[in-house]
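User: I have not looked at this one before. Can you walk me through it?
Analyst: Sure, here it is.

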Amino acid sequence: MVNANADALGIIFPNSYDDQVPDLVNERLMASIPFASRYRMVDFILSSMVNCGIGNVSIIVRKNYHSLMDHLGSGREWDLARKKGGLNIVPPYSEKKIQVYSGRVEALANVLDFLKWQKEKYVVMADTNIACNFDFKEMLNQHIESGADVTAAYTKQPIPEGVRSSYEKTNYLHYTFSMAGQKISKIFVNSEENGVQNVSMNIYVMERQLLIDEIKKGFVLGNKFFERDVLAPQTEKLNIQGYEFTGYQARIDDMKSYFDENMKLLKDENLDSLFLGNPIYTKVRDDNPTRYINGSKAKNVMVADGCVIEGEIENSILFRGVKVAKGAKVKNCILMQDTVIEAGAEIEYVVSDKYVTVSEGKQLKGTDSFPVFIAKDQVV
Amino acid sequence: MAKEMIAMLLAGGQGSRLYALTEKLAKPAVPFGGKYRIIDFPLSNCVNSGIDTVGILTQYQPMVLNEYIGNGQPWDLDRLHGGVHVLPPYQKASGSDWYKGTANAIYQNIPFIESYDPEYVIILSGDQICKQDYSDFLRFHKEKGAEFSVAVMEVSWEEASRFGLMVADENDKITEFQEKPKQPKSNLASMGIYIFNWDILKKYLIEDEADPNSSNDFGNNIIPNLLKDGRNMYAYHFSGYWKDVGTISSLWEANMEILDPEHSGINLFDNDWKIYSRNSGKTGHKITETAVVENCMITDGCRIAGHVKRSILFSGVKVAEGAEVEDAVIMGGTVIESGAVVKHCIVAENVVIGQNAVVGEMPHDGEKGVATIGSGIHIGERAKVGPNAMVNANVKDGEEEW
């Protein structure tokens, strides 16, 4: 059979690191956080998988997943509405004795039967807190050529501030690698090291059978977390190799990084690094083009379709269907879908969630380091 | 399972009066309004009216149109029973025929229509910008007990002689049909949108085909024959926005009119009557520090660093710093380099306008020329394209084209 597809299935954990941005995940999960004017975080990793020929993707959801179901639908927009494989959203069973999973071992233990029946030789696993155009094919090829048991993607960078400040939270786990050549010799949990580290992206490739064996073993032992409980203790026993990702990435570690990573895309070179290459797919809304009415002013903005701009916008990201009325001023803001800024309102350093209204003449100001957040459906 | 009404969309027209724009694609596939193609309007009207079966009759340069329609999914027309079907002329055991006229195109697809066993068939044209509820039209047709109905628009008496006119009595019953008459007896212009009872349409198509002198056209043959036989024919008054975009100037005008939905009558910001299209999949558009944007429609993938005024920019258009764009319709993927001045014109897809080139000019002294540049053309640096030019070959650096 002619087959350009990768011999791998994808597994995405859409709830990972939800707790880092509590405001944004009030009614959603990490995967469905709006990003870059018309996307959701999951679009990046999902499109990357599809672009690399992965046509069988499971999304193991934990909670707050209605927005994600709505976004993904049948998976058609990602070319994943298929007879063979395609998109598979796995919700938790609501049984008293089975707790909603907290780590990947538990999550995967719930889908062992599914994993057993799949045909693909390899599995790739990823979270959704990093927006990037990821080349899974290259990583898979390296995995196969190197003969590794497990290959883990990492970036060379200092540990992000948002990560470091989260160590005191219970259940927060972050991984860095110590490398011997391409081999990962040690996995550190919540490292305090300064300077450039090998920072894990929590993206892994391994053989499906090995994953099944390790999950079975780990689950019996009461293990929760795949990296902490399965990989970290076995760096001697398993051949774990690193795959360095050198492309553009936008990591959401906290509200500040969410704000900054959006704003960084106002620079063309950043936007081009994230989007040039393989396309990123998202749900289509069929909005009309954006209309700039006489008297409007726009400077240094990224704006999606369906907006109507009568006022002034500057240094801002506008998602689909935003309305900025006459005399309103929007500066250094991120306005999510269908936000309405009424006449004469002035806002600066504001992140508005979907369907927010800022009423006529209101003024609202946050700061560079602490943007004001307005929750979904609120009227200010 | 029988369908109450199916649509047959005539999309075979060459659109020769659009010249450079329709050299490589059929008129219904011509881009319109920032992110649409003309055919999105009748297709969206069908879906919004509850019609889920549409046959598209193609003939001239069908490749772009075929690819664009695909399986019909963007219009929600990928259905188990019905959906959208592209119907080109085909070879039969007894030979093959091009579509000889609008009526012949339908005649050749009688088996397609029969397979849905419809009670009514609506005939649509693929070259009009219009938001119309065909279910309201059908309700009228049924209430009147009509065998044939035609949608008509009131036009001014001065213009009337340019149209096919329906003369109707106080009950909207059609008593006479005049094709582009010198002495108009009516100002009700046919929009070229018809509802037929299928049994009647089929009978007249078969009779028309048997007539060797017929030009196999709805306006010239079928409608006069219906009249002659005293059939129940009614005129359905439509009063919304309607524009036949068959010429460069009407296409330019219709594009400009979407900038002013408050006065022009066409509103694309209508959530109750969305116009669907195939999506470009590009990121939100960007407007830089140096840009000035006044009264424009801008869509995904655009990068604006220059001065853009009263213009429609399609997906992925780039306007460099120092470039000036005014009263222009710039189609997808076109790049306007720095210092270029682009005014009062239509620029097709994937054109490059070099540095300091001049394309078109603002009208003066009653001149209304709309400069037009065909798709994929390269306009060299410092080149000049006059206000009446129709450019379908590259213009070299510093050269002029009038």
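User: What area is buried between chain B and chain A?
Analyst: In this predicted model, the two chains bury about 2,900 Å² between them, and carbon and sulfur atoms give 43% of that. Chain B puts 34 residues into the contact and chain A puts in 36.

User: How many salt bridges are there across that interface?
Analyst: Six salt bridges are found between chain B and chain A. One of them joins E262(B) to R291(A), at 2.9 Å from N to O. On chain B, the elements that each supply at least two residues to the side touching chain A are α9 (261-264), β16 (285-287), β17 (292-294) and β18 (296-298). By class, that side of chain B has 12 nonpolar, 12 polar and 10 charged residues.

User: Which strand of chain A is joined to β18(B)?
Analyst: Strand β14 of chain A, residues 290-292, is joined to β18(B) by three bridges, and the two run antiparallel. Within this pairing, Y292(A) has C296(B) as its bridge partner.

User: Switching to chain A alone, what domains is it divided into?
Analyst: Domain 1 covers 8-276 and domain 2 covers 291-374. Their centres, taken over C-alpha atoms, are 33 Å apart.

User: And how much do those two domains bury?
Analyst: About 1,800 Å², with 69% of it on carbon and sulfur atoms. On the domain 1 side, S37(A), F259(A) and L266(A) lose the most area to domain 2, together 37% of what that side buries.

User: Which side chains form a salt bridge there?
Analyst: R28(A) and D353(A), at 2.7 Å from N to O. The count between the two domains is one salt bridge.

Technical notes. Residues numbered from 1 in each chain as written. Chains lettered and ligands numbered in written order. Predicted model: local features only at pLDDT ≥ 70, side-chain atom pairs only at ≥ 80, totals over all residues. Heavy atoms only, no water. Contact = heavy atoms within 4.5 Å. Buried area = accessible area lost by both parts, 1.4 Å probe. Salt bridge = Lys/Arg side-chain N within 4 Å of Asp/Glu carboxyl O. Helix = DSSP H or I, 4+ residues; strand = E, 2+ residues; numbered from the N terminus. Nonpolar A, V, L, I, M, F, W, Y, C, P; charged D, E, K, R; others polar. Pairing = 2+ DSSP bridges. Domains from an automatic or database assignment.
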